[in-house]
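This report describes how one protein chain is put together, moving from its overall make-up to its sheets, its core and its charged pairs. Please keep the sequence and the coordinates at hand while reading.

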Amino acid sequence: MSERNDELTRLSYTLGENTEDRFYVYMLQDDNGKPFYIGKGQGGRVFCHENDADKLLEVIRSENGDRNVDYSKLSEKIKTIIKSSGKVEKVIIKWGLTENEAFMCESALMNMYDYIFPETLTNISNGHASNAEKHSHALDGYKTKARNVQDFLDNVAIREVDFKEYCGNIPVVFITINKSYPLMHKEKCADLQREDFIYDSARGFWDINIRRTRYAKYVLALYRQIVVGV
């Protein structure tokens, strides 16, 4: 076995094969040491083709599909580096991860780097959002991105609402679903499933004065004093 093949075998065994925590997060650097791509992977395939841009792109595409990557920009970057120095530097940032952990780590690194050095990465978006980010209602439409605190407060943070101002004399009933709501995140519900889940949770069996239910026009579902459904 050649020294190169031995290294790849050791790398593959260390990173793991056919196990839940076989994923890792890595970055590619140009010949000046600047990162231009951050991704997740498994096995040692991404490290097998040091001097072949097309092969390296093929491996990256097989690991990621067409997700979050501008392949034309990435291809030109890799080919330019190989012509210049003959080598794309690959860095393993974090390994021994489940696929979801790898998605979160990858996204966090993309967010951070894009915040500091905008439009430097060939990744075209900031990766996967967490469950909380998916179900947030960011005013600017960005589910996952690094923000300074004021930006976060302006676009993402929950706002206090005076229900008297909105409801006036319309009678409403507040139902807390503190126990059931966290289960929704564990089940990774889609948006429509989420609405059904909240609806079913809020219409359960509750100890309530029957006269209040006769006059109430709306039921507001609360999780930790936050309205999550109407």
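## A partly exposed glutamate and its partner

The model shown here is predicted, and a convenient place to enter it is Glu99, which at 35% relative accessibility counts as partly exposed. Its side chain meets that of Lys40 in a salt bridge, with a distance of 3.3 Å from N to O. The pair links distant parts of the chain, since Lys40 lies in strand β2 and Glu99 in helix α4 (residues 99–116), 59 residues apart. Lys40, in contrast to its partner, counts as buried, because its relative accessibility is 3% and the limit for that class is under 20%.

## Overall make-up

The chain contains 10 helices and six strands. Of its 230 residues, 37% count as buried, and the chain exposes about 15100 Å², of which carbon and sulfur atoms supply 51%. Among the contacts with a separation of 6 or more, 60% are made by residues that are 24 or more positions apart.

## The antiparallel sheet and its helices

One open sheet has three strands in the order β2-β1-β3, and its pairing is antiparallel. β2 and β3 (89–97) stand at the edges with a single partner strand each, so one side of each is left without a neighbour in the sheet. Neighbouring strands of this sheet are turned against each other by 20° on average, with direction ignored. Between β1 and β3 the antiparallel pairing runs over seven bridges, and within this part of the sheet Met27 stands opposite Val91 in β3.

Two helices pack on this sheet. Helix α3 touches β1 and β2, and its direction makes about 105° with that of β2. Helix α4 touches β1, β2 and β3, and its direction makes about 175° with that of β2.

## The mixed sheet

A second open sheet, also of three strands, has the order β4-β5-β6 and mixed pairing. Its edge strands are β4 (172–176) and β6 (226–229), each of which pairs on one side only. From one strand to the next, the twist in this sheet averages 45°. β4 and strand β5 (residues 218–223) run parallel and are joined by five bridges; the bridge partner of Val173 in β5 is Val219.

## The largest nonpolar core

The largest nonpolar core has 21 residues, and those that touch the most other members are Phe36, Tyr37, Val46, Ile60, Leu74, Ile78 and Val88. At least two residues of this core come from each of α1 (3–15), β1 (23–29), β2 (35–42), α2 (53–64) and α3 (71–85), and the core therefore draws on helices as well as strands, each of these elements being a DSSP run.

Which residues does Leu74 contact, leaving aside its neighbours within four places in sequence? Leu74 is in contact with Phe36, Tyr37, Leu57, Ile60, Val69 and Thr122. Among these partners, Phe36, Tyr37 and Ile60 also appear in the group of core residues that touch the most other members.

## Further salt bridges

Side chains of opposite charge can pair when their charged atoms come close, and the structure holds five salt bridges. In one of them, the side chains of Asp30 and Lys77 meet at 3.6 Å from N to O. Asp30 lies in the loop between β1 and β2 while Lys77 lies in helix α3, so the pair ties together parts that are 47 residues apart in sequence. Asp30 is buried, with a relative accessible area of 10%, whereas Lys77 is partly exposed, with a relative accessible area of 31%.

Another salt bridge joins Arg147 and Asp140, whose closest N and O atoms are 2.9 Å apart. Arg147 is buried, with a relative accessible area of 15%, and Asp140 counts as partly exposed at 30% relative accessibility. This pair belongs to a wider arrangement, in which Asp140, Arg147 and Asp151 are linked in a network of salt bridges.

Conventions. Residues numbered from 1 in each chain as written. Predicted model: local features only at pLDDT ≥ 70, side-chain atom pairs only at ≥ 80, totals over all residues. Heavy atoms only, no water. Core = buried A, V, L, I, M, F, W, Y, C linked by side-chain atoms within 4.5 Å. Buried < 20%, exposed > 50% of the residue type's maximum accessible area, 1.4 Å probe, protein only. Helix = DSSP H or I, 4+ residues; strand = E, 2+ residues; numbered from the N terminus. Contact = heavy atoms within 4.5 Å. Salt bridge = Lys/Arg side-chain N within 4 Å of Asp/Glu carboxyl O. Areas by Shrake-Rupley, 256 points an atom, 1.4 Å probe, with all protein chains shown as cover. Pairing = 2+ DSSP bridges. Axes fitted to C-alpha atoms, helices over the stretch in contact; angles between N-to-C directions.
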